[in-house]
Amino acid sequence: MLPESPLRSAARYNVRLQAVLENKMEDSCCLSVVIPAYNEEATLAGVVAEVLKLPQVLEVIVVDDGSTDRTRQICEEQLSHLPRVRIVIQPRNGGKCEALKAGFAISKGEIVIVQDADLEYDPTEIPDVIQPILDGHAEVVYGSRFLVRRSARVLYFYHYLANKGLTLLSNLLTNVNFTDVETGYKAFRGDIIRNMVITSRGFGIEIEVTAKIAKLGCAIYEVPISYHGRTYEQGKKIGFSDGVAALWYILKFNLFCSLDASFLRRPKIRK
């Protein structure tokens with residue numbers, strides 16, 4: 001059997017998505033929530049419970065990224081038996097990027113969103129993040145911690161400066177006016193993220209997907225979100241080396257990566 005052409009695949013996807021858009025949001029189970037987890041025994045079960053309360057959720061994909069605490073045990077003993085929950089166990093810690101790639105690959109939803117396993121991002125705000133896609137306005141939505149502040153814990157000023165600097169440099173090369181490229185809340189039309197070729201490591205995925213959706217010319221929206229940041233003592237993992245790597249990834253994926261190399265099959269987008 002010949003493989004399905006990209007145009008026919010996109011057309012078939014658009015028919016399915018349109019069916020979702022024509023239904024009321026609360027009646028539509030169209031969302032895959034991918035949760036990468038590394039040593040999050042204290043919060044993981046609570047996050048999954050909150051996500052499962054959302055009526056839009058089709059499936060929750062938890063990816064244990066080689067945890068050394070009780071995270072894997074919680075996945076296998078408490079979460080794996082829950083309806084709509086799928087568990088992926090990585091044999092070793094590969095970083096956030098590898099965990100998300102594993103989750104994206106098996107997702108089935110018309111919309112896919114990333115939810116961190118800690119409680120820095122509030123799962124009750126997921127409907128706000130995906131609403132522009134459900135309304136037919138957006139193909140990708142970022143939840144911004146800086147667009148219009150809701151509640152946000154006041155923490156590290158140097159992190160704020162680094163985020164603003166990375167966002168500015170990324171915007172200069174993408175010509176897209178993001179306010180927060182490093183946000184953990186990113187929602188995608190499912191066929192876009194499943195067809196994206198992702199090659200970065202660790203937290204570099206935030207920069208890589210930003211560059212590639214900009215190349216694709218997606219309809220991108222930002223919505224304001226709350227942010228309840230953690231300290232390093234509470235388990236925060238991003239560090240100085242991740243910021244340095246992000247600088248390289250901004251240059252690499254904007255200047256040295258073509259649109260054709262960015263996707264297995266180029267998704268059809270609205271013009």
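**View 1. A buried salt bridge between Lys96 and Glu206 in the predicted model****.** Lys96 is buried, as is Glu206, and their side chains meet in a salt bridge with an N to O distance of 2.8 Å. The pair links distant parts of the chain, since Lys96 belongs to helix α4 (residues 96–106) and Glu206 to helix α8 (residues 205–216), 110 residues apart. Lys96 and Glu206 also belong to a network of salt bridges that includes Asp116 and Lys186. A search of the whole structure finds 12 salt bridges.

**View 2. The salt bridge of Asp191 with Arg189****.** The closest N and O atoms of Asp191 and Arg189 are 2.8 Å apart, and both residues are buried.

**View 3. A salt bridge within helix α3, between Glu76 and Arg72****.** The two side chains meet with an N to O distance of 3.1 Å, and both residues lie in helix α3 (residues 71–79), 4 residues apart, or about one turn of the helix. An α-helix has 3.6 residues a turn, so residues three or four places apart point the same way. Glu76 counts as partly exposed because its relative accessibility is 38%, and Arg72, with a relative accessible area of 40%, is likewise partly exposed.

**View 4. The open sheet of 7 strands****.** The strands follow the order β3-β2-β1-β4-β6-β5-β7, with mixed pairing. The edge strands are β3 (85–90) and β7 (220–224), each of which pairs on one side only. Neighbouring strands of this sheet are turned against each other by 20° on average, direction ignored. Strand β5 (residues 140–144) pairs with β7 in the parallel sense over 5 bridges, and Tyr142 stands opposite Glu222 in β7. Helix α3 packs on the sheet, where α3 touches β1 (31–37), β2 (57–65) and β3, and the direction of α3 makes about 150° with that of β3.

**View 5. Helix α5 lying across strands of the sheet****.** Helix α5 lies across β1, β4 (111–114), β5, β6 (186–189) and β7, and runs at about 150° to β4. This helix, which spans residues 126–134, is mostly covered, with 7 of its 9 residues buried. The buried residues of α5 are Ile126, Pro127, Val129, Ile130, Pro132, Ile133 and Leu134. Just after α5, Gly136 takes a positive phi of about 85°.

Key:
Residues numbered from 1 in each chain as written. Predicted model: local features only at pLDDT ≥ 70, side-chain atom pairs only at ≥ 80, totals over all residues. Heavy atoms only, no water. Salt bridge = Lys/Arg side-chain N within 4 Å of Asp/Glu carboxyl O. Helix = DSSP H or I, 4+ residues; strand = E, 2+ residues; numbered from the N terminus. Buried < 20%, exposed > 50% of the residue type's maximum accessible area, 1.4 Å probe, protein only. Pairing = 2+ DSSP bridges. Axes fitted to C-alpha atoms, helices over the stretch in contact; angles between N-to-C directions. Contact = heavy atoms within 4.5 Å.
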